[in-house]
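Reader: I am new to this one. Please show me the structure, and then I will ask about it.

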Amino acid sequence: MSNGPYKLVGWTGSNSTWRYVKNPHYWNAQNVKIHQIKVAVTKDSTTAANLFNAGKIQETTVSGEYVRANGNSKQLHTHLLGRMNLLYFNSKRQTTASENLRQAVSYAIDRNQLTNSVLKDGSKAALSAVPRGDQTNPQTGKDMASEVGNLLTYNVSTAKRYWQRYLKEAGKTKVTLSILTDDSDDDKKVGTYLQSVLEKNLPGLTITLTQIPHAQHVSRDFAGNFDINLIGWSTNWLDASDYLDLAAKGNSVNFTNWNDQTYNQILTSAENQSGQARYNGLVKADKYLMRVKGYVPLYQPSEAKLISKQVGGLTYSLLNDAQYQYAYWK
């Protein structure tokens with residue numbers, strides 16, 4: 001069954017090729033210009049780029065490394081994803097169950113430097129727990145992330161002040177903490193950057209990096225086997241509560257086990273309302289979460305696509321869906 005612009009044809013459940021064929025019953029079928037899209041999967045982005053450059057495919061996804069090397073290509077397009085990459089702190093471990101530590105780490109990170117100088121792939125520095133484009137004000141139509149503003153400032157002197165408080169409460173002058181990440185190209189770069197700036201800005205801190213395959217990383221998430229954890233959360237519905245719930249008591253992916261009664265009450269109250277009252281409540285929850293740094297957002301990732309100059313009108317939603325119904329052959 002389909003009520004969209006295309007029907008899925010040729011999918012058997014495990015094959016690596018299939019087609020999207022124009023659906024004649026789609027309500028706006030007369031304006032769908034591309035009649036068929038042939039899809040093929042390759043796990044190697046270099047192979048995909050080579051096929052594109054040879055003119056054998058008209059669209060493909062490329063990695064951040066390709067973007068950094070080919071940033072001036074007119075056929076390279078980036079778009080933000082409905083995703084937030086963030087740091088979790090293990091609240092079950094005495095060394096990491098500290099708001100002073102979370103505050104110190106957050107203030108010590110220059111998120112614009114991370115996105116503009118390290119990732120260099122179109123990603124944007126996080127402003128709060130809610131990504132850009134995720135939810136709009138029902139009255140004004142303005143984006144929540146922009147309306148809330150930047151709640152994650154970079155301030156080394158403030159970071160040092162929180163760090164000294166943390167060392168005092170821990171009764172230590174030196175601390176070693178581990179950051180857990182995937183072993184992907186981008187996560188390795190982010191981890192190395194975090195290690196550098198945190199050790200530089202927080203005297204007495206030593207950071208070790210544990211970079212492992214994604215499946216092993218997820219296993220350690222659920223086991224609570226980490227100090228500080230770099231994770232990413234992608235939404236499949238545009239609503240701020242999906243990100244705010246990550247810090248709620250009882251959420252299965254609240255790997256921090258952080259539990260703040262005030263925050264839980266604010267969030268529950270907001271989610272039990274509708275319309276403008278719900279929006280205002282979610283804004284309040286976002287501001288509170290960022291004030292106490294229940295977790296520490298870093299950046300909103302982007303995805304890079306190569307799109308042939310023969311194709312026009314192709315765009316992507318925040319949920320990473322290609323809008324093929326608007327595409328056309330130039």
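Reader: In what order do the strands of the open sheet of three strands lie?
Author: This is a predicted model. In the sheet, the pairing is antiparallel. Strand 1 (6–9) and strand 3 (36–40) are the edge strands, each pairing on one side only. The order is 1-2-3.

Reader: How many bridges join strand 1 to strand 2?
Author: Strand 2 covers residues 17–22 and runs antiparallel to strand 1. Val-9 stands opposite Arg-19 of strand 2. The bridges that join the two strands number four.

Reader: Which element gives the largest share of the lining of the largest pocket?
Author: This pocket has a volume of about 1,200 Å³. It is lined by 37 residues, and among the closest to its centre are Ile-37, Lys-38 and Val-39. Several elements supply at least two residues each, including strand 2, helix 1 (45–53) and strand 4 (59–62). The largest share, five residues, comes from strand 3.

Reader: And which element gives the most to the lining of the second largest pocket?
Author: The second largest pocket has a volume of about 830 Å³. Of its 35 lining residues, those closest to the centre are Arg-83, Asn-85, Asp-182, Ser-184 and Asp-187. By class, the lining has 15 nonpolar, twelve polar and eight charged residues. Five lining residues come from the top contributor, helix 8.

Reader: Is Trp-18 buried or exposed?
Author: Trp-18 forms an aromatic pair with Trp-11, 5.3 Å centre to centre and with 85° between the planes, which is edge-to-face. Its partner Trp-11 is partly exposed, with a relative accessible area of 42%. Trp-18 has 17% relative accessibility, and the cut-off for buried is under 20%. Therefore Trp-18 counts as buried.

Reader: Why does the pair of Tyr-263 and Tyr-288 count as stacked?
Author: Tyr-263 is in helix 10 and Tyr-288 in helix 11, 25 residues apart, so the pair links distant parts of the chain. Their ring centres are 6.4 Å apart, and pairing needs centres within 6.5 Å. Planes under 30 degrees apart count as stacked. The pair is stacked because its planes stand at 15°.

Reader: What is the relative accessibility of Tyr-263?
Author: Its partner Tyr-288 counts as buried at 12% relative accessibility. Tyr-263 counts as buried too, and its relative accessibility is 0%.

Reader: Which residues do ring pairs link into a cluster?
Author: The count of aromatic pairs comes to ten. Ring pairs link a cluster made of Tyr-88, Phe-222, Phe-255 and Tyr-295.

Technical notes
Residues are numbered from 1 along each chain as its sequence is written. This is a predicted model: local features need pLDDT of at least 70, side-chain atom pairs count only at pLDDT 80 or more; totals for chains, interfaces and linings use all residues. Side-chain values use heavy atoms; hydrogens and water are left out. Two strands pair if DSSP finds at least two bridges between them. On a 1 Å grid over the protein atoms alone, a cavity is a set of points where a 1.4 Å probe fits but cannot get out, and a pocket is an open set with protein on both sides within 12 Å along at least five of seven lines; lining residues have an atom within 4 Å of a point. Grid points are joined across faces, edges and corners, and a volume is the space filled by probe spheres set on the points. Ala, Val, Leu, Ile, Met, Phe, Trp, Tyr, Cys and Pro count as nonpolar, Asp, Glu, Lys and Arg as charged, and the others, Gly among them, as polar. Rings of Phe, Tyr and Trp (its six-membered ring) pair if their centres lie within 6.5 Å; planes under 30 degrees apart count as stacked, over 60 as edge-to-face and the rest as tilted. Buried means under 20% relative accessible area, exposed over 50%, partly exposed in between (1.4 Å probe, protein chains only).
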